[in-house]
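Biologist: Please show me the model, and then let us discuss it step by step.

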Amino acid sequence: MAEKFHFQPTSLTKLRKHYDVIVIGSGAAGMTAAIQAHELGLKPVILEKMDKLGGNTNRASSGMNAAETNVQLKHHVVDSFQEFYDETLKGGGGQNNTELLKYFSEHAALAIDWLADHDIQLDEITITGGMSKMRTHRPHSLAAIGGFLVTELLRQVQKAHIPLFAGLKVTELTTDEEGKVTGVRATTGKQSGPLTADAVILAAGGFGANQDMLTKYRPDLKGMKTTNQPGATGDGIKLAQSLGAKLVDMDQVQVHPTVQQDTPHAYLIGEAVRGEGAILVNKHGDRFVNELDTRKNVTAAIDELNENGAYLIFDQGIRDRAKAVEFYDSIGLVHTGQSLDDLASQLGFDAETLKQTVSDWNTAVADQNDSAFGRTTGMDRDISTAPFFAIHIAPAVHYTMGGIAINHKTEVLNEDGQAIKGLYAAGEIVGGLHGNNRIGGNSIAETVIFGRQAGEQVFNYINEK
Ligand SMILES: Cc1cc2nc3c(=O)[nH]c(=O)nc-3n(C[C@H](O)[C@H](O)[C@H](O)COP(=O)(O)OP(=O)(O)OC[C@H]3O[C@@H](n4cnc5c(N)ncnc54)[C@H](O)[C@@H]3O)c2cc1C
């Protein structure tokens, strides 16, 4: 059993007035950037406004995409940067920023290696919607990736003695007379003041929990529940905008198709559950979609049912491969039936219809041919091992594809496409990489790839000054 690890944020009494680099946000992008900068000899600090560390990264469930990795080869999956690039572009409706996408698809494998070099092993793989290959890397334990990654990155932050302050919110970016970024103003709520730095990295996440911003950019989503942590309020986007940064794709908000929301909270049911073999059925117990089509298309199919969502159906064999189900069950989100008849009666379905649906699906898996909906992935196991499970799901706001414009060096760009000196951004805060639909597993990859890049580029910037 892994040793218990408890991270203690740095005491505010230790806050200094100057750091080489200020990193805003303690998610995967921020921590990766800080660790990389530190390893290049810089003295970074991480500022986090919430008491809970790890942002939306904490909630990530399915995994991290990468192509041409050694892990894939160990699983006999032969992949290529080009396919990863092409499928991400297709999934994003061809609207992805191709400069960012090229860097992304060619550096994901290095990011997996970098994590492994830091004792963060993602040596299992699964698949997410819109991808043709098993390229979603996850921990050996098959646990949700988010909590694992945050814990392991915090371990590295602690090992490197990188100061990380919680409950310290950045409210302003400061500049010199030439517009070069010189630091931030931050507040504990009781006390506020300036901190100076040679460079600032914005890693403050998206705006999926900011109803005002969502309503501004996507009025049609007003009032919809969100899977995001409460601190995902787009602060960093507004900070960058105050310095003239360009924003892109702000109306591109991803609605995730499978979110359990019958309680006051919204719980994302990770795509790995479908990736490992679950199907979706309507209230009659019939399938209605290729469950591993892109999130955009699966959401549209659920909306078209007009039935207040749909149901994920799976069995013990699939549950064994998607450990996050243990958590969903522990908080009462999972219906369990000892047989399909039992499950159908709990859900109010016609048992014969559900049994026929599962039998047809099992035939499709055996033949590797889903003639009904053309599903080609997540067909490694059928639904035949009792007990059987169902989770009621419906779409909810999940991810903001829009954000700050950057180039592949993570430099924040102004409206003229010029870099704002000393300002870098990485992670969900950035817009453009995902086009009009993010593929599951690509965001965690983005945080590590561009987090590292930001750490590297501030090193160059500071040394060239
Ligand atoms: C439920 C769920 C499941 C997901 N599953 C997956 C998955 O399996 N695979 C995948 O690739 N992606 C997944 N995603 C998306 C992915 O987790 C996020 O996009 C990614 O983790 C964002 O990382 P980040 O470092 O950019 O931002 P975050 O992890 O959100 O971190 C940003 C941090 O900045 C802090 N902050 C904000 N404003 C300020 C401020 N003014 N001052 C100081 N701090 C501030 C925030 O509080 C937050 O802690 C999932 C998302 C959710 C919500």
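**Sheet and domains**

Biologist: In strand 5, which residue is the bridge partner of M64?

Modeller: This model is predicted. M64 lies in strand 3, which covers 64-65, and strand 3 pairs with strand 5 (residues 136-138) in the antiparallel sense over two bridges. The partner of M64 in strand 5 is H137.

Biologist: In what order do the three strands form the open sheet?

Modeller: Strands of a sheet pair through backbone hydrogen bonds, either parallel or antiparallel. Here the pairing is antiparallel. Strand 3 (64-65) and strand 4 (124-126) each pair on one side only, so they are the edge strands. The order is 3-5-4.

Biologist: How many Å separate the centres of domain 1 and domain 2?

Modeller: The domain assignment gives 18-208 + 401-464 as domain 1 and 257-397 as domain 2. Taken over C-alpha atoms, their centres are separated by 32 Å.

Biologist: What area is buried between domain 1 and domain 2?

Modeller: The contact involves 23 residues from domain 1 and 19 residues from domain 2. Carbon and sulfur atoms give 49% of the buried area. That area is about 1,500 Å².

Biologist: With which residue does R138 form a salt bridge?

Modeller: Between domain 1 and domain 2 the count is two salt bridges. In the salt bridge of R138, the closest N and O atoms are 2.6 Å apart, and the cut-off is 4 Å. The partner of R138 is E276.

Terms used:
Residues numbered from 1 in each chain as written. Predicted model: local features only at pLDDT ≥ 70, side-chain atom pairs only at ≥ 80, totals over all residues. Heavy atoms only, no water. Helix = DSSP H or I, 4+ residues; strand = E, 2+ residues; numbered from the N terminus. Domains from an automatic or database assignment. Contact = heavy atoms within 4.5 Å. Buried area = accessible area lost by both parts, 1.4 Å probe. Salt bridge = Lys/Arg side-chain N within 4 Å of Asp/Glu carboxyl O.
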